[in-house]
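Biologist: Could you walk me through a few spots in this model? I'd like to begin with the cysteines and then move on to other parts.
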Amino acid sequence: MSSSPLSKKRRLSGTETKTGSHCSSSNSVRTDLSHTPANGMAKNGNDAEIDEGLYSRQLYVLGHDAMKRMQNANVLISGMRGLGVEIAKNVILGGVRSVTVHDQGVAEWRDLSSQFYLREEDLDKNRAEVSQPRLAELNNYVPVTAYTGALTEDYLTKFQVVVLTNSPIEEQKHLGEFCHNKGIKLIVADTRGLFGQLFCDFGEDMIVYDTNGEQPLSAMISMITKDNPGVVTCLDEARHGFENGDHVTFTEVQGMTELNGCQPVEIKVLGPYTFSICDTTGFSDYVRGGIVSQVKMPKKISFKSICSSMAEPEFIMTDFAKFDRPGQLHIGFQAIHAFQKKHNRLPVPWNQADGDELLTLAKEVNSAQTGSAKVEQLDEAVIKKMSYVAAGDLSPVNAFIGGVAAQEVMKASTGKFMPVMQWLYFDALECLPEDGDLLTETECKPRSCRYDGQIAVFGTKLQDVLANQRYFLVGAGAIGCELLKNFAMMGLAGGNGEVIVTDMDTIEKSNLNRQFLFRPSDVTKMKSDTAAAAVKQMNPSITITGHQNRVGPDTERVYDDDFFESLDGVANALDNVDARMYMDRRCVYYRKPLLESGTLGTKGNVQVVIPFLTESYSSSQDPPEKSIPICTLKNFPNAIEHTLQWARDEFEGLFKQSPENAMQYLTDPKFMERTLKLPGAQPVEVLEAVYKTMVTDCPHSWADCVAWARNHWQCQYSNNIRQLLHNFPPNQLTSSGAPFWSGPKRCPHPLEFSTSNDLHMDYVVAGANLFAQTYGLPGSTDRAGVIKILQEVKVPTFIPRSGVKIHVSDQELQNSNSSVDDSKLEELKSQLPSVESFQYKLSPIDFEKDDDTNFHMDFIVAASNLRAENYDIPPADRHKSKLIAGKIIPAIATTTAAVVGLVCLELIKIVQGHKKLESYKNGFMNLALPFFAFSEPIAAPKHKYYEIDWTLWDRFEVTGLQSNGDEMTLRQFLDYFKNEHKLEITMLSQGVSMLYSFFMPGTKLKERLDLPMTEIVTKVSKKKLGKHVKALVFELCCNDLSDEDVEVPYVRYTIR
């Protein structure tokens, strides 16, 4: 955990506080920052430092420049119903300069179905005033003000971004034109039941600095022609990935040096490895080398005002299967405004007369259109459904539109990512009952309860079913927090049901930026318990239990058959593929629906897994990540990623692996036996490392630790490089006569140690402290003291040796199969000290990237940048190094909110028992582009044996206990399949244990055939079956009657 979280005393002033732009003469409430935090971050302006401990994961999405620009934005969010509070929550977490929440209305029952900061005791109070103190807790750096006066033109001039929700169309148009003329960025967001709308106007001169948020690409060059235009060919290691119209610049080109550091040149792509640039005929001849790098060019875009855009709309598609839907909803939303103006109310839920009237109004709106907004044919069924559900207020729809809208606020204030141009419409009509039966007005009328906004859309029956659901939520991080909020608002487990949430993690400061149920005072507490307590505040009737278990084979005693069989479904909120695959297997086995989702920066995806209908999460897999070849890491790095991975391996080897091996030698009597069985040269390497840890390198004082670090520096950054250059001198040629040091191989140079070089000292101080920690010795950060010790350190002179083998490729490394020198092994074994004579308690160090005081990142950054200097690779700052070495997943609250909104729409379908594949939607989005794609899930693939179709959801059910009370033997099991299913089993396994195969030795087979199945399992696996195990899973290989081998389902063999 990095530096302790900031806590602030809060003071709520009763009426108004004169604080300049945050307040108005109308009654305002404002949170005061009673003292500035230590790092001065409360002055959210240009000169403010960014709190990297808090904003770490978001900074990897937006970057420092965009964050700084965002900290100058004062944002007004009008309308504090469910959608408004969702946008406010995400914008405050993001870290703008200030947020003012505005509302002139009071809390009503229907607001509680999605406004998570309103409680039942807040009914009839102003929504903005009640929400303000709760929103203010989300981020100590963002002052939050409540404003309850009128939105006058004069008032709006204080803001850079204005968001209108729940706003009449006249107000949207009037304020929209004003904002357009005054250069204030405007976002209009609205949801009506299952429908959502978003409009953006960022003025006529909006500059976008980065249209897609992807890292700039770079490639190594093999040739540049002298031509008009010149053609650049890249090394065929990997495709360059550039697109037409990209701009690039060059470095390290030999020969045609005119290109180095040139102004960005526009390119035309000719092929995966080639592209053309400017006229190069007047340049010098190309010799070799060079790196081409993409340059992000600012792009100017122009928006129309709301009035002109309403008549000539431009739409962003959210669902390509509903190609004509945006135009229909564009008219439909205007018709709802017309209905509201006429009747001073929304259409009554599921009322036929109001539905007919809305359709008439929609026809009038449509025929009055003169521009491209006019649609040829109104979709009457859709318009009527808009009327039926318009009074509804659904938490998931608000979460989706609110997440997208908050990202637009960030785009407006930073110029980072491409804005929505200019209208986005969304609907989730698939959530309505599949049979097409209309709900009745009686079922959907308000009940003066907290779920009225949802009852208006789905009726009371669904509410009752939701209340009794038992759901298992795996993970209480960013996605987990958002899911819990939606569960609480929707009334999931609000009756006799239960939500069980498990997460073994504790809360860290960097979580607070998006895991919005947690506060600075919660840091170091358990996530699951804290999240559970927080949602109980939002809806006291939810039954929720927090666990601290990791899901996996180790916890199958807790999450056993009884547990899974009692569930209605599972929602994953995980951060790794292995745990996802494990939960997916459990859900397939117990035949439970699974809601799966994930995010990466502005990208997000949702997958729904439905028993007997869809494929499972594990049915399709992403390609594996590219790993860096060992020889590249060891001797030929050419990118900062290589040096960071090398530094990370160095950390693991020195401070974790070595003390761990020595500890095992000291405490585990079987250590030696195990080590000698290792393949190749590993036994010698391990024992040498143990000998070094316990004898040659073993320190007795802080000075010894400093000396070790200094000598290790010498070895890595001078001696090893000199040895490499001895083997392959700078002018070395390959067998084909080409320079050895060319293309991806960069020629290194050794470094000279100096105590006046900060990077050298960083390395020694961090290395010595970590080394001291592993032996339980006290460390020191006194640099002057370290320099003093260094003056006494004797560094042996190094002379490169001949006959040292350095592998040039991984292929060569594999073929070298070094043989073990037995005499060397014996010598090492005899030299190791006895367990009794060693007096230190060794402690291996686990890498922790987020604590700035533990020397871990200090060591990685110094080790990596020193190696980068060896090879003339541009260094990386601490922030970038942490991302790469710590394998951090960039994350931002907006994407999480939007993705989870979509997950909960699928939940509504599952709870209703939707049966059709086309009712469900898998979704993918990238808010940076912005891009949305929905598709129906892939059906579970069908297999066949004889005339029987089966999928991954099917299995053979075999009861182990027979009527006479005895258990089935292997012989009986084989016969059962022969007689019942006409299948001859050729191989039978359970987990990794082979129980039977047709090629088994006769004696072994004879002793197994008459043993009960469970006895064979315990015998082969050497593990007892736990009392919680009710059934075993057997995998079969079978032949049919014609001796062809056939694919068949697995067997569930019930034993209790």
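Biologist: Is C587 buried or exposed?
Modeller: C587 is buried, at 0% relative accessibility, where buried means under 20% relative accessible area, exposed over 50% and partly exposed in between, with a 1.4 Å probe and protein chains only. Please keep in mind that this is a predicted model, in which local features need pLDDT of at least 70 and side-chain atom pairs count only at pLDDT 80 or more, while totals for chains, interfaces and linings use all residues. Residues are numbered from 1 along each chain as its sequence is written, and side-chain values use heavy atoms, with hydrogens and water left out.

Biologist: Why is C587 not in a bond with C904?
Modeller: Because the sulfur of C904, although it is the closest cysteine sulfur to that of C587, lies 16 Å away, which is too far for a bond. A disulfide is taken here as a pair of cysteine sulfur atoms within 2.5 Å, and by this rule the count comes to 0 disulfides.

Biologist: And C631, which cysteine sulfur is nearest to that one?
Modeller: The nearest is that of C747, 17 Å away, and C631 is in no disulfide. C631 is also buried, with a relative accessible area of 4%.

Biologist: What does UniProt list C631 for?
Modeller: The UniProt record, an unreviewed entry, lists C631 for "active site"; UniProt positions are given in the numbering used here, feature names are shortened, and annotations may be inferred rather than shown by experiment.

Biologist: Where does C631 sit, and what does C631 touch?
Modeller: C631 is placed in helix α17, residues 630–634, helices being DSSP runs of H or I with at least four residues and strands runs of E with at least two, numbered from the N terminus. Leaving out residues up to four places away in sequence, C631 touches F636, H807, V808, S809, D810 and L813, where contact means heavy atoms within 4.5 Å.

Biologist: Changing topic, which helix holds E86, and is E86 buried or exposed?
Modeller: E86 lies in helix α3, which covers residues 82–94, and E86 is buried, with a relative accessible area of 2%.

Biologist: What does E86 touch further along the sequence?
Modeller: Not counting residues up to four places away, the residues that E86 touches include F116, N398, E482, K485 and A897.
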